[in-house]
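This report looks at the empty spaces in one protein model, and at contacts between its helices. Please keep the structure in view while reading.

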Amino acid sequence: MPVREHDLGEVRDAVAKLCATFPMDYWRATDRERRYPTEFVTALTRAGWLSCLIPEEYGGAGLPLAAAAAILEEIQKSGANGAACHAQMYTMGTVLRHCSEAQKRKYLPKIAKGELRLQAFGITEPSAGTDTSSIRTAAVRKGDRYIVNGQKVWTSRAEHSDLMLLLARTTPREAVQKKTEGLSVFIVDMKAALNKGLSIRPIRTMINHATTEIFIDNLEVPAENLVGEEGNGFRYVLDGMNAERILIGAECIGDARWFLAKATAYANERKVFGRPIGQNQGVQFPIARAYMATEAAALMVERAAALYDAGRPCGPEANMAKQLAAEASWQAGDMCLQTHGGFGFAEEYDIERKFRETRLYQIAPISTNLVLCYIAEHVLHLPRSY
């Protein structure tokens with residue numbers, strides 16, 4: 001049975017208290033230095049928050065996705081950046097539903113203890129983008145191993161992860177009836193593979209996101225690391241993608257609420273022409289509109305998480321949750337920057353950092369246009385546009 005919002009109060013309070021031990025100075029420094037927030041990720045791991053979705057029998061808390069969403073929302077709401085570690089939650093959508101019992105027992109207890117990190121999801125490729133069925137990374141079975149060749153891009157946290165879920169084509173596209181067939185998922189031991197068929201190149205971006213490009217050259221992956229059945233990988237990653245969209249939506253809600261709190265406080269305190277700027281409707285109305293958009297998007301995130309936890313189809317809801325929440329966070333971020341005027345561009349106010357970070361979710365983990373195409377085709381039954 002899904003955990004309802006009022007049951008998550010203790011989780012939210014505990015996460016908020018942990019985040020309070022990492023002041024804004026910490027996040028400014030990691031952003032300025034392009035440094036991975038190792039101390040923060042370690043603290044979350046030790047507190048058990050990153051293993052919240054792992055069942056108790058494997059050392060986790062066994063909480064539903066709604067709880068994971070609440071955790072990530074609180075992280076963002078505190079002004080922190082959960083992108084450094086959120087993959088360990090959404091990859092569970094694939095792992096828990098499709099890995100074998102042997103694989104779960106091998107990896108999950110160590111992930112729960114913090115001995116292993118599962119933070120990398122290798123799907124996107126330079127030539128394919130969001131057209132996942134067009135990926136070229138290929139895995140060929142040879143005895144008890146697969147030989148993998150290809151390239152991945154925007155594989156975030158690859159330098160800070162022990163394991164990666166990798167999507168590769170095991171049957172050529174021209175040899176399958178449906179283009180989504182013939183794709184398989186593998187668990188890759190990145191530490192063992194590094195410089196032995198796998199190399200990582202960091203990509204410097206406008207935010208501190210620890211994203212990379214991965215090159216794979218005759219990498220040997222044990223056949224026992226195949227997730228589920230060969231050729232059904234596209235269906236397996238969809239569970240991870242739906243979880244990802246819902247959790248990213250929750251993060252966006254957290255961002256939006258941080259922007260709203262920041263703007264509201266400043267509008268009450270800042271005085272121009274002898275009166276608080278928040279007394280002016282030109283300042284009030286954008287804040288009120290951003291608040292309404294945020295609350296509406298939060299309901300869609302909650303609905304999508306409830307469907308996911310109930311084991312029901314949630315593709316439309318997951319996509320709408322991510323889209324609406326990303327739009328709400330960007331609306332709130334723009335409003336907050338405008339409310340602060342020139343001070344919004346100053347590093348010490350943290351707005352410019354959060355402004356850059358929340359902008360990402362207009363294009364990732366799936367672009368706005370692809371969400372709209374999905375809703376148009378699969379929900380409204382309009383002709384396929386691509």
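A salt bridge is counted where a side-chain nitrogen of Lys or Arg lies within 4 Å of a carboxyl oxygen of Asp or Glu. The model examined here is predicted. Searching the whole structure for such pairs gives 23 salt bridges. One of them joins the side chains of Arg356 and Asp31, at 2.8 Å from N to O. Arg356 belongs to helix 12 and Asp31 to helix 2 (residues 24-33), so this pair ties together parts that are 325 residues apart in sequence.

Next come the enclosed spaces. How many cavities of 30 Å³ or more does a search of the whole structure find? There are three. The table sets the two largest beside the largest pocket.

| Space | Volume | Lining: nonpolar | Lining: polar | Lining: charged |
|---|---|---|---|---|
| Largest pocket | about 1,500 Å³ | 19 residues | 17 residues | 11 residues |
| Largest cavity | about 120 Å³ | six residues | four residues | four residues |
| Second largest cavity | about 60 Å³ | nine residues | one residue | no residues |

The largest pocket is lined by 47 residues. Closest to its centre are Thr130, Met241, Arg245, Pro365 and Ile366. At least two lining residues come from each of helix 9 (233-269), helix 11, helix 12 (351-359) and helix 13. Helix 9 gives the most, with nine residues.

The largest cavity has 14 lining residues. Trp27, Pro37, Asn81, Ala84 and Asn208 lie nearest its centre. Helix 2 and helix 12 are the elements that give two or more residues to this lining. Helix 2 gives the most, with three. The Arg356–Asp31 salt bridge also links helix 2 and helix 12.

Which residues line the second largest cavity? They are Val95, Cys99, Gln103, Tyr107, Leu108, Ile111, Leu118, Leu163, Leu165 and Ile187. Two or more of these come from each of helix 7 (101-113) and strand 4 (163-169). Helix 7 has the largest share, four residues. No charged residue is part of this lining.

Last, a helix pair. Helix 11 (residues 315-340) packs against helix 13 (residues 368-379) at an angle of about 150°, and the axes are 10 Å apart. Their crossing is left-handed. Helix 11 contributes Gly315, Pro316, Asn319, Met320 and Gln323 to the contact. Helix 13 contributes Thr368, Val371, Leu372, Tyr374, Ile375 and Val379. Seven of the contact residues are nonpolar and four polar, with no charged ones. Both helices also supply residues to the lining of the largest pocket.

Conventions:
Residues numbered from 1 in each chain as written. Predicted model: local features only at pLDDT ≥ 70, side-chain atom pairs only at ≥ 80, totals over all residues. Heavy atoms only, no water. Axes fitted to C-alpha atoms, helices over the stretch in contact; angles between N-to-C directions. Left-handed = near helix turned anticlockwise from the far one by under 90°. Contact = heavy atoms within 4.5 Å. Nonpolar A, V, L, I, M, F, W, Y, C, P; charged D, E, K, R; others polar. 1 Å grid on protein atoms, 1.4 Å probe; cavity = no way out; pocket = protein on both sides within 12 Å on 5 of 7 lines; lining within 4 Å. Points joined across faces, edges and corners; volume = space filled by probe spheres on them.
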